[in-house]
Amino acid sequence: MTISEIAKLAGVSSAAVSRYFNDGYVSEEKREAIRRVVEETGYRPSLQAQTLRTKKTKTIGVIVPKIDSSSVGRVAAGITSVLEENGYRLLLAVSEQNTQKELDYLSLFDDKQVDGIILLATVLSAALKKKIKQLSVPVVLTGQCLPGGNCVYHDDYHAMYDITKLVLSKGCRNFCYIGVTNCDKAVGAERFQGFQDALDTAGLPVLEESAETGEFTVASGYEKMRELYRKYPDVDAVICATDKIAVGAMQYLKQQGRQIGKDVLLTGQGDSVLAAHVSPSLTTIHYYYEESGRKSAQMILELIAKGTIALREMKLGYELVEHESTNKSNS
């Protein structure tokens with residue numbers, strides 16, 4: 001069917017139908033008549049024709065580091081909910097934590113003329129920052145703070161500071177830390193700095209050999225805990241950068257006969273499904289991942305609607321969730 005045929009069936013002008021499909025003003029009476037005909041006929045406007053008229057594809061490119069991640073899934077759910085409410089589609093690309101793939105996908109999305117890009121980055125390399133400035137479409141960074149750019153991120157530093165302070169309050173003094181690369185500013189550098197500063201405030205040194213850098217996996221947490229335990233068999237607290245790492249560390253410690261939550265306290269970050277379902281349940285940090293996705297989508301749509309606006313850096317809070325792995329009184 002054509003717009004003219006829809007107009008004839010609805011008893012309105014072709015211009016009114018065009019405005020209806022392009023979010024222009026149409027009276028309630030005419031809008032209802034057009035809607036009824038559209039529902040009855042199953043008519044869908046040509047996406048190509050709309051793009052030519054409005055110069056908009058109604059598509060947002062979203063680049064994520066991986067898909068087998070609870071936090072990424074929650075961010076993506078938040079993004080999707082806002083885009084769907086506003087008639088936008090999501091085009092998903094998975095970088096597999098490969099910085100070159102991130103650059104390639106940014107170029108691809110720019111060439112394909114999406115209306116905007118949301119990037120869940122891990123490493124803010126010089127090449128990535130340069131590429132973002134060169135793009136012809138607006139970009140919002142999610143999960144990392146990019147000074148001078150539009151971004152939505154979490155308070156990783158204070159979250160780690162507070163959870164370390166909680167463990168200190170339980171009387172622990174022999175700490176080990178399992179983190180990720182400091183090239184990841186949020187999960188790596190910010191969280192490790194929060195851990196270091198909490199111990200420093202308590203007058204405890206952070207020994208270089210008491211901290212290990214791992215990957216975002218349970219297996220890595222297990223392996224790094226094994227390396228640390230060989231050096232520090234009297235460890236009474238293990239602070240981990242993620243829940244998955246903490247679960248791996250828990251597996252190894254339990255195999256050594258250590259009682260988690262009693263003679264070794266253990267923490268993670270992220271409040272994943274794993275945290276509540278391992279035994280003992282894992283003390284962790286709840287970040288507002290879905291909200292960060294919603295805020296990122298709202299920000300990109302605002303950039304598209306208004307063109308260039310003042311750059312915005314939005315930092316979200318967190319909640320400390322104490323479970324059995326640090327609750328000595330309930331052990």
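Cysteine 172 is buried, at 1% relative accessibility. Buried means under 20% relative accessible area, exposed means over 50%, and partly exposed lies in between, using a 1.4 Å probe and protein chains only. This is a predicted model, in which local features need pLDDT of at least 70, side-chain atom pairs count only at pLDDT 80 or more, and totals for chains, interfaces and linings use all residues. Residues are numbered from 1 along each chain as its sequence is written, and side-chain values use heavy atoms, with hydrogens and water left out.

**Cysteines**

How many disulfides does the structure hold? The count is 0. A disulfide is a covalent bond between the sulfur atoms of two cysteines. Here the cut-off is a pair of cysteine sulfur atoms within 2.5 Å. For cysteine 172, the closest cysteine sulfur belongs to cysteine 176 and is 11 Å away, too far for a bond. For cysteine 183, the closest cysteine sulfur is in cysteine 145, at 17 Å, again too far for a bond.

**Strand S6**

Cysteine 176 belongs to a covered strand face. Cys176 and Ile178 are buried on one side of S6, and Phe175, Tyr177 and Gly179 are buried on the other. In a regular strand the side chains alternate between the two faces of the sheet. Strand S6 spans residues 175-179, and 5 of its 5 residues are buried, so the rest of the structure largely encloses S6. Strands (E, at least two residues) and helices (H or I, at least four) are DSSP runs, numbered from the N terminus.

S6 pairs with strand S8 (residues 237-240) in parallel, through 4 bridges. Pairing requires at least two DSSP bridges between two strands. Isoleucine 178 has cysteine 240 as its bridge partner in S8. S6 also runs parallel to strand S7 (residues 211-213), with 3 bridges. There, tyrosine 177 is the bridge partner of alanine 211. Helix H9 (residues 185-201) joins S6 and S7 in a right-handed β-α-β unit. Right-handed means that, with the strands pointing away from the viewer, the path from the first strand over the helix to the second runs clockwise.

**Aromatic pairs**

The structure holds 8 aromatic pairs. Two of them are tabulated here.

| Pair | Centre to centre | Angle between planes | Class |
|---|---|---|---|
| Phenylalanine 175 and phenylalanine 195 | 6.3 Å | 55° | tilted |
| Tyrosine 287 and tyrosine 289 | 5.8 Å | 55° | tilted |

Rings of Phe, Tyr and Trp (its six-membered ring) pair if their centres lie within 6.5 Å; planes under 30 degrees apart are stacked, over 60 edge-to-face, and the rest tilted. Phenylalanine 175 sits in strand S6 and phenylalanine 195 in helix H9, 20 residues apart. Both phenylalanine 175 and phenylalanine 195 are buried. Phe175, Tyr177, Phe192 and Phe195 make up one aromatic cluster. Tyrosine 287 is buried at 1% relative accessible area, and tyrosine 289 is buried at 10%.

**Threonine 142 and tyrosine 43**

Threonine 142 lies in strand S4 (residues 139-142). Its relative accessible area is 3%, so threonine 142 is buried. The side chains of threonine 142 and serine 296 share a polar contact of 2.8 Å. A polar contact is a pair of N or O atoms within 3.5 Å; within protein, one must be able to donate a hydrogen and the other to accept it, and residues adjacent in sequence count only if both atoms are side-chain atoms.

Tyrosine 43 is in the loop between helix H3 (28-41) and helix H4 (47-54). At 11% relative accessibility, tyrosine 43 is buried. Beyond neighbours within four places in sequence, tyrosine 43 is in contact (heavy atoms within 4.5 Å) with Met1, Ile3, Ile6, Phe21 and Val38.
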